[in-house]
Amino acid sequence: MAKYENEVKELLDFIGGKENISAVSHCMTRMRFVLVDESAADVKKIEEIGCVKGTFTQAGQYQVIIGNDVADFYNEFVAYAGIQGISKEAAKQAAKSNQSLIQRIMSNLGEIFAPIIPALICGGLVLGFRNVIDGIYFFDNGTKTIVDMYQFWAGVDDFLWIIGEAIFHLLPVGIVWSITKKMGTTQILGIILGLTLVSPQLLNGFSVASTPASEIPYWDFGFFKVDMIGYQGQVIAAMMAGFVLVYLEKFFRKICPEVIRMIVVPFCSLVPAVFIAHMVVGPIGWKIGNAIADVVYSGLTSDIRFLFAAVFGLFYAPIVMTGLHHMTNAIDSQLVSTVGGTILWPMIALSNIAQGSSVLAMSVLQRKNNRAQQVNIPALISCYLGVTEPALFGVNLKYGFPLICGMIGSALAAVISVGFGVQAISIGVGGLPGILSIFPQYYVPFLIAIAVAIVVPFILTYIVGKKKLKVSDMTGQKENAVEEVTADQAIVTEEAMDEKTETKDESKITEGNNEESASTEGELKAVLTGKVIPLEEVPDDVFSKKVMGDGVAIEPENDTVVAPADAEVIVVMADSKHACGLRLENGLEMIIHVGIDTVAMKGEGFELLTEQGAKVKAGTPLIRFDAEKIKAAGYPATTMVVVTDPGKTKEIQYIDGIDAVAGETTIAKFV
């Protein structure tokens, strides 16, 4: 009789049968399914299976947490189900069929912008505050701002600009850095490439539209010329340049001998990337911008202005995400100087308000989720003050539907604004304070448009959010619990873990050990030399949310994993060689997992130095790995040490935030 015969039968039945499985693979701790119909899987019954520690859905894959014995379980499952397993990487590729093109694009954008969201939020608040003090004419019959009246505030306004400029004008630097970080290439090269896009030697990107073509500087290469244009605030150009650099670096890493890699790869990657960025990416970006500007101007001056208003109001927020919205400033300025006002700017202010109202609804829906509120509230404030990037990238784009709901509200408000002929006398004051830039005779219709921009996105987002948001999105994780109870994620609480521990086969825990003499006191030493970090900081939900158990992680500075204590090797990943499981004399079991998603490397760059069943002493080498190969493959080398079964221990104290030496520094104490 197979070890997991009953559990395998139950899982196949509860997951919807063989016909519901498109692909299946496994890694060190979990089964990974690509399902034909995820709704056919009975999550509650699956999580009640004795050997299942939890489930969750991620990137189109339904993942079932098994633990150290996942390899045995997997072999029994595919044999019983009569299906052929595939590699984890192939499963990830198959999972993309469960995602729409929009979902994949938004997922990639979210991963790129997530690291720079704190800066966007800070910059949004700074620029919103500056809009109030230098753009609203409070004094002398509406002719002077706070900055005009008080030198102190004039100094504050000038000083704060260095922050706004650094964040928004130099945004390409952050974007290219984030792309190199995400793709696992050299981040300093990304920073340098970003700096070349905003070099002070170039004509500032915000000044290009107002500069005569004859005055734009250029590089003269004899048989052709290239405009010396900066890409301040641009997103598309920066992203294209970043990916050019990434793929050039990966290409040269692959073909270049290791002995000269340090010299050849940076030079052959960065220099061509800079040329391509300025000669190909830049001109394409500006052509896209000019095309959008021409469409906007034609729409404002034609008989189809209502249709234009709806289209512009609908798509202005996505345009902001590309950075191309800065081109509208030139159109607004031209309208103000020629006809004394602009119909375009009120629609921009209304779009700000509409997206902010979507965030307001998300804030209400997520009022119990403290982590979400840390992004929602600052993004909401900056959005209502006229700076939408924090709201767009930090909230609305992340979930998708708030962005669309805001776009709908913006379109309706824009039609009302244009219908009443609302005009602004100046530009620069967006969001709710934007009403102070409106001609007084248009205050009432603009207030009506504002009401629509607030109410419609709020109601739509709230209604859709109640249906689409998972419980965990709205409430966050419970304190002192391993995982929040959600529809898509593992239901693993301390009580559930204790219950499953009690039902485990006692012979598994104590096999080959003397229970009477086993000590329950001891220490775990560092398995690597490097920085010890909390498990919560690991970029993988199974580890960071402690689905498998608690522990620590190490950012490695050496290349050899050693045993943290005297133990028996109870499982190894013979094919991928990236992980192993140990059992101490007192029954404590743990997993040592090198890297995130490194199973996809299929053992390339790893050397397994032990075998299943081996008895090892503290400090015994277990796994040797090549950190450069892991990085080149695009994966973090962060190594996790996770206690999956406490055995006879009553309490474990983990030690993080320290610099550890392999085999010497204590990272956990237990009694």
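A residue counts as buried when its relative accessible area is under 20%, as exposed when it is over 50%, and as partly exposed in between. Phe-251, at 45% relative accessibility, is therefore partly exposed. The model described here is predicted. This briefing covers aromatic pairs, helix 9, a sheet of 3 strands and the surroundings of Thr-610.

**Aromatic residues**

- The count of aromatic pairs comes to 11.
- One of these pairs joins Phe-251 and Phe-252 in an edge-to-face arrangement, with 5.2 Å from centre to centre and 75° between the planes.
- The planes of this pair count as edge-to-face because their angle of 75° is over 60 degrees.
- Phe-252 has a relative accessibility of 18% and is therefore buried, since that value falls under 20%, whereas its partner Phe-251 is partly exposed at 45%.
- Phe-221, Phe-223 and Phe-224 together make up one aromatic cluster.

**Helix 9**

- Helix 9 comprises 13 residues, numbered 171–183.
- At 1.5 Å a residue, helix 9 should span 18 Å, and the 19 Å between its end C-alpha atoms agrees with this.
- The expected value is 18 Å because the span is taken as 1.5 Å times one less than the number of residues.
- The buried residues of helix 9 are Leu-171, Pro-172, Val-173, Ile-175, Val-176, Ser-178, Ile-179, Thr-180 and Met-183.
- In an α-helix there are 3.6 residues a turn, so residues three or four places apart point the same way.
- Gly-184, just after helix 9, adopts a positive phi of about 75°.

**Sheet with strands 10, 16 and 14**

- Three strands form an open sheet in the order 10-16-14, and their pairing is antiparallel.
- Strand 10 (560–562) and strand 14 are the edge strands, each of which pairs on one side only.
- From one strand to the next, the twist averages 20°.
- Strands of a sheet pair through backbone hydrogen bonds, either parallel or antiparallel.
- Strand 14 and strand 16 (residues 621–625) run antiparallel and are joined by 3 bridges.
- Glu-607 stands opposite Arg-624, a residue of strand 16.

**Thr-610 and its contacts**

- Thr-610 lies in the loop that runs between strand 14 (606–608) and strand 15 (615–616).
- With a relative accessible area of 13%, Thr-610 is buried, because this value is under 20%.
- Apart from neighbours within four places in sequence, Thr-610 is in contact with Val-569, Val-572, Val-616 and Leu-622.

Notes. Residues are numbered from 1 along each chain as its sequence is written. This is a predicted model: local features need pLDDT of at least 70, side-chain atom pairs count only at pLDDT 80 or more; totals for chains, interfaces and linings use all residues. Side-chain values use heavy atoms; hydrogens and water are left out. Helices (H or I, at least four residues) and strands (E, at least two) are DSSP runs, numbered from the N terminus. Buried means under 20% relative accessible area, exposed over 50%, partly exposed in between (1.4 Å probe, protein chains only). Contact means heavy atoms within 4.5 Å. Rings of Phe, Tyr and Trp (its six-membered ring) pair if their centres lie within 6.5 Å; planes under 30 degrees apart count as stacked, over 60 as edge-to-face and the rest as tilted. Two strands pair if DSSP finds at least two bridges between them. Axes are lines fitted to C-alpha atoms, for helices over the stretch in contact, and angles run from 0 to 180 degrees between N-to-C directions.
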